[in-house]
Amino acid sequence: MRKVLITGGSRGIGAACVRRFSAEGFEVYFNYTSNDKAAKKIMEETGAQGFKCNVSNSLSVKKMINMIGGVDILINNAGISRINLFTDISEKEWDEVFDVNIKGMFLVTKEVLPHMIRSKYGRIVNISSMWGISGGSCEVHYSASKAAVIGFTKALAKEEGPSGITVNCVAPGVIKTEMNARLDDEAVSELEEETPLMRLGTPEEVANAVYFLTSDDASFITGQVLCADGGITV
(Lines give C-alpha, C1' and ligand atoms only; values in the text may rest on other atoms or scores of the structure.)
Protein backbone atom coordinates (compact mmCIF):
# COMPACT_ATOMS: atom_id res chain seq x y z
CA MET A 1 0.00 0.00 0.00
CA ARG A 2 1.39 3.40 -1.00
CA LYS A 3 2.05 5.91 1.77
CA VAL A 4 0.84 9.46 1.19
CA LEU A 5 1.91 12.53 3.15
CA ILE A 6 -0.15 15.70 2.83
CA THR A 7 1.17 18.82 4.52
CA GLY A 8 -1.37 21.25 5.94
CA GLY A 9 -3.97 18.51 5.94
CA SER A 10 -6.34 19.56 8.71
CA ARG A 11 -8.51 21.92 6.67
CA GLY A 12 -9.25 23.38 3.24
CA ILE A 13 -7.55 21.87 0.22
CA GLY A 14 -5.31 19.73 2.41
CA ALA A 15 -8.26 18.15 4.21
CA ALA A 16 -9.98 17.50 0.88
CA CYS A 17 -6.83 15.70 -0.27
CA VAL A 18 -6.76 13.63 2.93
CA ARG A 19 -10.36 12.59 2.28
CA ARG A 20 -9.75 11.75 -1.38
CA PHE A 21 -6.63 9.64 -0.86
CA SER A 22 -8.15 7.91 2.18
CA ALA A 23 -11.25 7.04 0.14
CA GLU A 24 -8.99 5.54 -2.55
CA GLY A 25 -7.43 3.17 0.00
CA PHE A 26 -4.03 4.77 0.52
CA GLU A 27 -2.18 4.87 3.83
CA VAL A 28 -2.53 8.58 4.55
CA TYR A 29 -0.58 10.86 6.87
CA PHE A 30 -0.81 14.60 7.27
CA ASN A 31 0.69 17.37 9.33
CA TYR A 32 -0.90 20.37 10.96
CA THR A 33 0.49 23.28 12.94
CA SER A 34 -1.93 24.18 15.70
CA ASN A 35 -5.59 23.28 15.08
CA ASP A 36 -5.93 20.15 17.23
CA LYS A 37 -9.72 20.13 16.94
CA ALA A 38 -9.73 20.17 13.13
CA ALA A 39 -6.97 17.55 12.98
CA LYS A 40 -8.83 15.23 15.33
CA LYS A 41 -12.00 15.60 13.28
CA ILE A 42 -10.32 14.68 9.99
CA MET A 43 -8.51 11.74 11.63
CA GLU A 44 -11.77 10.37 13.01
CA GLU A 45 -13.50 10.89 9.67
CA THR A 46 -10.87 9.28 7.46
CA GLY A 47 -8.62 7.09 9.59
CA ALA A 48 -5.60 9.10 8.45
CA GLN A 49 -2.83 9.82 10.96
CA GLY A 50 -2.06 13.43 11.81
CA PHE A 51 1.18 14.86 13.16
CA LYS A 52 1.61 18.22 14.83
CA CYS A 53 4.64 19.50 12.98
CA ASN A 54 6.08 22.86 11.96
CA VAL A 55 7.20 22.28 8.38
CA SER A 56 9.59 25.24 8.54
CA ASN A 57 11.57 23.56 11.35
CA SER A 58 13.99 20.91 10.14
CA LEU A 59 14.08 18.96 13.42
CA SER A 60 10.29 18.82 13.55
CA VAL A 61 10.15 17.59 9.95
CA LYS A 62 12.84 14.93 10.52
CA LYS A 63 10.97 13.62 13.56
CA MET A 64 7.73 13.37 11.59
CA ILE A 65 9.28 11.54 8.63
CA ASN A 66 11.14 9.14 10.94
CA MET A 67 7.82 8.22 12.54
CA ILE A 68 6.05 7.76 9.20
CA GLY A 69 8.81 5.94 7.36
CA GLY A 70 9.13 5.91 3.57
CA VAL A 71 6.70 8.20 1.75
CA ASP A 72 5.68 7.31 -1.82
CA ILE A 73 3.42 10.27 -2.58
CA LEU A 74 3.99 13.78 -1.22
CA ILE A 75 1.51 16.63 -1.45
CA ASN A 76 3.18 19.90 -0.43
CA ASN A 77 0.09 21.86 0.48
CA ALA A 78 0.99 23.72 3.69
CA GLY A 79 0.92 27.47 3.13
CA ILE A 80 0.01 30.80 4.63
CA SER A 81 -1.25 33.99 3.03
CA ARG A 82 -0.92 37.62 4.03
CA ILE A 83 -2.51 40.72 2.49
CA ASN A 84 -0.56 43.95 2.74
CA LEU A 85 0.62 46.83 0.63
CA PHE A 86 4.19 46.13 -0.40
CA THR A 87 5.37 49.22 1.49
CA ASP A 88 3.79 47.83 4.66
CA ILE A 89 5.31 44.34 4.51
CA SER A 90 7.72 43.85 7.39
CA GLU A 91 10.83 41.72 7.13
CA LYS A 92 9.33 39.38 9.72
CA GLU A 93 6.14 38.94 7.70
CA TRP A 94 8.11 38.33 4.50
CA ASP A 95 10.18 35.67 6.26
CA GLU A 96 7.09 34.00 7.77
CA VAL A 97 5.47 33.57 4.35
CA PHE A 98 8.61 32.19 2.73
CA ASP A 99 9.45 29.96 5.72
CA VAL A 100 6.17 28.06 5.38
CA ASN A 101 5.49 28.28 1.64
CA ILE A 102 9.02 27.60 0.37
CA LYS A 103 11.33 26.48 3.16
CA GLY A 104 8.71 24.07 4.46
CA MET A 105 8.32 22.52 1.03
CA PHE A 106 12.11 22.24 0.70
CA LEU A 107 12.56 20.58 4.10
CA VAL A 108 9.76 18.02 3.70
CA THR A 109 10.72 17.13 0.14
CA LYS A 110 14.37 16.71 1.10
CA GLU A 111 13.42 14.23 3.83
CA VAL A 112 11.17 12.05 1.67
CA LEU A 113 13.26 11.98 -1.52
CA PRO A 114 15.88 9.38 -0.47
CA HIS A 115 13.19 6.69 -0.12
CA MET A 116 11.67 7.64 -3.47
CA ILE A 117 15.07 7.51 -5.18
CA ARG A 118 15.83 4.09 -3.71
CA SER A 119 12.39 2.85 -4.74
CA LYS A 120 12.68 4.31 -8.24
CA TYR A 121 9.17 5.62 -7.70
CA GLY A 122 7.66 8.80 -6.36
CA ARG A 123 4.90 11.32 -6.93
CA ILE A 124 5.26 14.88 -5.70
CA VAL A 125 2.57 17.51 -6.16
CA ASN A 126 3.19 21.05 -4.97
CA ILE A 127 0.36 23.50 -4.41
CA SER A 128 1.00 26.93 -5.90
CA SER A 129 -1.66 29.55 -6.68
CA MET A 130 -3.04 31.58 -9.55
CA TRP A 131 -1.17 34.49 -7.95
CA GLY A 132 2.07 32.60 -8.52
CA ILE A 133 1.27 32.90 -12.24
CA SER A 134 -0.31 36.31 -12.59
CA GLY A 135 0.66 38.09 -9.36
CA GLY A 136 -1.77 39.55 -6.85
CA SER A 137 -1.90 43.19 -5.82
CA CYS A 138 -1.27 43.60 -2.08
CA GLU A 139 0.08 40.04 -1.98
CA VAL A 140 3.61 40.49 -3.29
CA HIS A 141 5.16 38.20 -0.66
CA TYR A 142 2.53 35.49 -1.19
CA SER A 143 2.68 35.79 -4.99
CA ALA A 144 6.48 35.63 -4.98
CA SER A 145 6.48 32.55 -2.77
CA LYS A 146 3.95 30.77 -4.97
CA ALA A 147 5.91 31.66 -8.11
CA ALA A 148 8.91 30.08 -6.40
CA VAL A 149 6.85 26.90 -5.92
CA ILE A 150 6.51 26.69 -9.70
CA GLY A 151 10.25 27.16 -10.27
CA PHE A 152 10.99 24.54 -7.59
CA THR A 153 8.62 22.12 -9.31
CA LYS A 154 10.11 22.47 -12.78
CA ALA A 155 13.72 22.20 -11.62
CA LEU A 156 13.14 19.20 -9.35
CA ALA A 157 11.17 17.42 -12.08
CA LYS A 158 14.23 17.55 -14.34
CA GLU A 159 16.54 16.37 -11.57
CA GLU A 160 14.43 13.47 -10.32
CA GLY A 161 12.95 12.22 -13.59
CA PRO A 162 15.71 9.63 -14.09
CA SER A 163 14.73 8.12 -10.72
CA GLY A 164 11.14 7.52 -11.81
CA ILE A 165 9.82 10.42 -9.76
CA THR A 166 7.31 12.87 -11.19
CA VAL A 167 7.03 16.39 -9.79
CA ASN A 168 4.06 18.52 -10.71
CA CYS A 169 2.18 21.53 -9.48
CA VAL A 170 -1.46 22.52 -9.05
CA ALA A 171 -2.26 26.24 -9.13
CA PRO A 172 -5.73 26.80 -7.63
CA GLY A 173 -7.81 29.83 -8.40
CA VAL A 174 -10.20 31.32 -5.85
CA ILE A 175 -11.36 28.39 -3.72
CA LYS A 176 -13.96 28.28 -0.95
CA THR A 177 -11.58 27.83 1.98
CA GLU A 178 -10.91 29.47 5.32
CA MET A 179 -8.02 31.34 3.71
CA ASN A 180 -10.47 33.16 1.45
CA ALA A 181 -13.24 33.50 4.03
CA ARG A 182 -11.89 36.93 4.96
CA LEU A 183 -12.94 38.30 1.57
CA ASP A 184 -16.08 40.41 1.71
CA ASP A 185 -19.11 39.75 -0.51
CA GLU A 186 -18.14 42.46 -2.98
CA ALA A 187 -14.65 41.03 -3.44
CA VAL A 188 -16.07 37.53 -3.91
CA SER A 189 -18.57 38.78 -6.50
CA GLU A 190 -15.80 40.53 -8.43
CA LEU A 191 -13.66 37.39 -8.44
CA GLU A 192 -16.60 35.29 -9.61
CA GLU A 193 -17.18 37.72 -12.48
CA GLU A 194 -13.50 37.52 -13.46
CA THR A 195 -13.65 33.72 -13.54
CA PRO A 196 -14.93 32.33 -16.86
CA LEU A 197 -16.90 29.62 -15.04
CA MET A 198 -18.53 32.40 -12.98
CA ARG A 199 -18.06 30.77 -9.58
CA LEU A 200 -15.51 29.89 -6.93
CA GLY A 201 -13.94 26.47 -6.87
CA THR A 202 -14.19 23.88 -4.10
CA PRO A 203 -11.39 22.16 -2.18
CA GLU A 204 -12.66 18.85 -3.55
CA GLU A 205 -12.15 20.03 -7.14
CA VAL A 206 -8.53 20.89 -6.36
CA ALA A 207 -8.06 17.54 -4.61
CA ASN A 208 -9.30 15.82 -7.77
CA ALA A 209 -6.59 17.58 -9.79
CA VAL A 210 -3.97 16.61 -7.23
CA TYR A 211 -5.09 13.00 -7.24
CA PHE A 212 -4.96 12.83 -11.03
CA LEU A 213 -1.31 13.95 -11.05
CA THR A 214 -0.39 11.11 -8.67
CA SER A 215 -2.34 8.47 -10.58
CA ASP A 216 -1.10 6.07 -13.24
CA ASP A 217 -3.07 8.12 -15.77
CA ALA A 218 -0.50 10.90 -15.27
CA SER A 219 2.61 8.68 -15.26
CA PHE A 220 4.15 10.52 -18.26
CA ILE A 221 3.41 14.00 -16.92
CA THR A 222 6.09 15.87 -14.97
CA GLY A 223 7.25 19.44 -14.46
CA GLN A 224 3.80 20.79 -15.30
CA VAL A 225 1.46 23.34 -13.73
CA LEU A 226 -2.19 22.33 -13.73
CA CYS A 227 -4.42 25.37 -13.21
CA ALA A 228 -7.54 24.45 -11.27
CA ASP A 229 -8.86 27.98 -11.45
CA GLY A 230 -12.05 28.06 -13.50
CA GLY A 231 -10.14 29.78 -16.29
CA ILE A 232 -9.24 32.95 -14.40
CA THR A 233 -5.63 32.93 -15.60
CA VAL A 234 -6.50 32.27 -19.25
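In this predicted model, the buried residues of helix α6 pack against α4, β5 (122–127), α5 (131–134), β6 (165–172) and β7. Those buried residues are His141, Tyr142, Ser143, Ser145, Lys146, Val149, Ile150, Thr153, Leu156, Ala157 and Glu160. Helix α6 itself covers residues 140–160, and its length can be checked against expectation: at 1.5 Å a residue, its 21 residues should span 30 Å, and because the end C-alpha atoms are 30 Å apart, the two values agree.

One of the partners of α6 is helix α4, and methionine 105, which is found in α4, offers a way to look at its surroundings. With a relative accessibility of 5%, methionine 105 counts as buried, since the cut-off for that word is under 20%. Leaving aside its neighbours within four places in sequence, methionine 105 is in contact with Asn76, Val100, Asn126, Val149 and Phe152; of these, Val149 also appears among the buried residues of α6. The C-alpha atom of methionine 105 is separated by 8.8 Å from that of threonine 7, although the two residues are 98 residues apart along the chain.

The strands β5, β6 and β7 belong to an open sheet of 7 strands, which follow the order β3-β2-β1-β4-β5-β6-β7 with parallel pairing. At the edges stand β3 (49–52) and β7 (225–228), each with a single partner strand, so one side of each is left without a neighbour in the sheet. Neighbouring strands of this sheet are turned by 20° against each other on average, when direction is ignored.

Towards the β3 edge, strand β2 (residues 27–32) is joined to β3 by 4 bridges, and the two strands run parallel. Within this pairing, tyrosine 29 has glutamine 49 in β3 as its bridge partner. Helix α2 (residues 36–46) packs on the sheet here, touching β2 and β3, and its direction makes about 175° with that of β2. Helix α3 (residues 58–68) also packs on the sheet, where it touches β1 (3–6), β2 and β3, and its direction makes about 155° with that of β1.

The aromatic residues give another view of the structure, which holds 6 aromatic pairs. In one of them, phenylalanine 21 and phenylalanine 26 meet edge-to-face, with 5.5 Å from centre to centre and 70° between the planes. Phenylalanine 21 is buried, with a relative accessible area of 0%, whereas phenylalanine 26, at 21% relative accessibility, counts as partly exposed. A second pair is formed by tryptophan 94 and phenylalanine 98, whose ring centres are 4.9 Å apart and whose planes lie at 20°, so the pair is stacked. Both residues lie in helix α4 (residues 91–119), 4 residues apart, which is about one turn of the helix. Tryptophan 94 is partly exposed, with a relative accessible area of 29%.

Ring pairs also link Phe21 and Phe26 with Tyr211 into a cluster. Over the face of tyrosine 211 lies arginine 20, at 4.2 Å from the ring centre. An arrangement of this kind is found again at tyrosine 121, where arginine 2 lies over the face of the ring, at 3.7 Å from the ring centre.

How values were computed
Residues numbered from 1 in each chain as written. Predicted model: local features only at pLDDT ≥ 70, side-chain atom pairs only at ≥ 80, totals over all residues. Heavy atoms only, no water. Pairing = 2+ DSSP bridges. Axes fitted to C-alpha atoms, helices over the stretch in contact; angles between N-to-C directions. Contact = heavy atoms within 4.5 Å. Phe/Tyr/Trp six-rings, centres within 6.5 Å; stacked < 30°, edge-to-face > 60°. Buried < 20%, exposed > 50% of the residue type's maximum accessible area, 1.4 Å probe, protein only. Lys NZ or Arg CZ within 6 Å of the ring centre and 35° of its normal. Expected span 1.5 Å × (residues − 1).
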